[in-house]
Amino acid sequence: MNTRVLTGITTSGTPHLGNYAGAIRPAIQASEQPGVDAFFFLADYHALIKTTEDPERVARSRLEIAATWLAAGLDPERVTFYRQSDIPEIPELCWLLTCVTPKGLMNRAHAYKAAVDQNTEKGIEPDDGVSMGLFSYPVLMAADILLFNAHKVPVGRDQIQHLEMARDIAQRFNHLYGDEYFVLPEVVIAEEVATLPGLDGRKMSKSYNNTIPLFEGGASALRSAVMRIVTDSRQPGEPKDAENSHLYTLYRAFASAEASASFRQALEAGMGWGDAKQALCDLLERDLAAMRERYVELMARPERIEEILMAGAEKARKLAVPFMARLRHAVGLRRLEAVRQSAPAKAGKKQASRGARFVSFRDESGSFRFRLLAQDGEELLCSIAYADPKQAGAVMRSLQSAPVSLRAEGLGYAAMVNGATVAHGPDRADEATRDAAMTRTSDALAALAAAQE
Ligand code: TRP
């Protein structure tokens, strides 16, 4: 199975050069690796947590960020690229997870604690201005990740705790409902990706007001920002300290090793800051001009972006819908005919099993086996081989009385009783079909069990 890499981008701003070098570019590169299935989504529900007072800003940011990622080379055929708010299974899963998340765990979340600390310092109510959205932010993030069983989640350092919480919540759910429903996601911190310095040398960030725009404002906005990069006062002809100049750091983030080395030598040999800024502009233009053109085209055709995102949502939901069906079943939100009747059901008994049935047979080696067939004859399970027909019969009965757990195995699945694998479901065409077959299998077993009582 391919490695699933998933990350979300909160849609609360306009991407700048630092976002591009630190997040967008490495993510797109990672998505092009062989053996990787990438899931990138616009975390627009998360945006509502920070930006309740400005719906226009959220709306505009969704468009700008989608256009930026596409212009930067994200291939929506290859990557599953969607909006969080187009996947109703995310908030649905969020609720199931909320119900297994200890409140105490959320009390420890950094973002919430920081808000409480600030309030306490000011001598006001600890929870002043704290919404339930902010408080349960990590649960929503866990739902984003766990719904797609992501293996790796590339994020910034500030998100490490959220990933730990997602693992914690996943483990609780798996434990409570007795199966490996969720993969435990791993955080990936891209150490080698330099956080770009901004105009003043501090980390480039909207909150420091020191950003270089990526596409907005065109070439002239980019140029005028570069011209405002703070340098020391050494004159042309004086040697510059390249290593300690953030202009050089910015240059390096976009140039080849050789080009960086010669830029550095030129600075050390006395290149003036004006010329250095011009060189940086040329370098950035070389990389960004074609992307900016695509960006402008995309921004002029929002309906095209809307289409791409809706196609992405459809792709994502092919996985999310059957998996959610399985999870609903796990927590007890089941079809009513699958309910175990505590009072002996009279006439309903047969019907309750909805026609699923066990069929015994001897295989070519003479061993005893059985199959579980759905009403339409679809094979749901085939048992392992037993030398003794009585043993095969006992296992068949145990599938209708003991708790059975189903576990995905490649495109097939295994049925386990008391930790031992007793039967397998055949390989299906893809994971979504397999997950749906697993749901049908557990429904059928539950119905047969109910009919026994
Ligand atoms: N909270 C993340 C941030 O602010 C964005 C995000 C939301 C995310 N859901 C996610 C990142 C799931 C990775 C996986 O950066």
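**Close-up 1. Arg202 meets the ring of Tyr208.** In this predicted model, the charged end of R202 sits over the ring of Y208. The distance from that charged end to the ring centre is 4.1 Å.

**Close-up 2. Arg25 meets the ring of Phe254.** Here is another charge over a ring: the charged end of R25 is placed over F254. It lies 4.9 Å from the centre of the F254 ring.

**Close-up 3. Phe173 and Phe182, a tilted pair.** The structure contains 14 aromatic pairs, and one of them joins F173 and F182. Their ring centres are 5.0 Å apart, with 55° between the planes, and the pair is tilted. If you look for these two rings, note that both F173 and F182 are buried.

**Close-up 4. Phe215 and Tyr295, a pair across the sequence.** The ring centres of F215 and Y295 are 4.9 Å apart and their planes stand at 35°, so this pair counts as tilted. F215 belongs to the loop between β5 (186–188) and α10 (218–227), while Y295 is part of helix α13 (residues 273–300), so the two rings tie together parts that are 80 residues apart in sequence. F215 has 4% relative accessibility and therefore counts as buried. Y295 is also buried, because its relative accessibility is 3%.

**Close-up 5. An aromatic cluster.** Finally, here is a view of rings joined through pairs. Ring pairs link F173, Y177, Y181, F182 and F323 into a cluster. Two of its members, F173 and F182, are the tilted pair of Close-up 3.

Note on methods:
Residues numbered from 1 in each chain as written. Predicted model: local features only at pLDDT ≥ 70, side-chain atom pairs only at ≥ 80, totals over all residues. Heavy atoms only, no water. Phe/Tyr/Trp six-rings, centres within 6.5 Å; stacked < 30°, edge-to-face > 60°. Buried < 20%, exposed > 50% of the residue type's maximum accessible area, 1.4 Å probe, protein only. Helix = DSSP H or I, 4+ residues; strand = E, 2+ residues; numbered from the N terminus. Lys NZ or Arg CZ within 6 Å of the ring centre and 35° of its normal.
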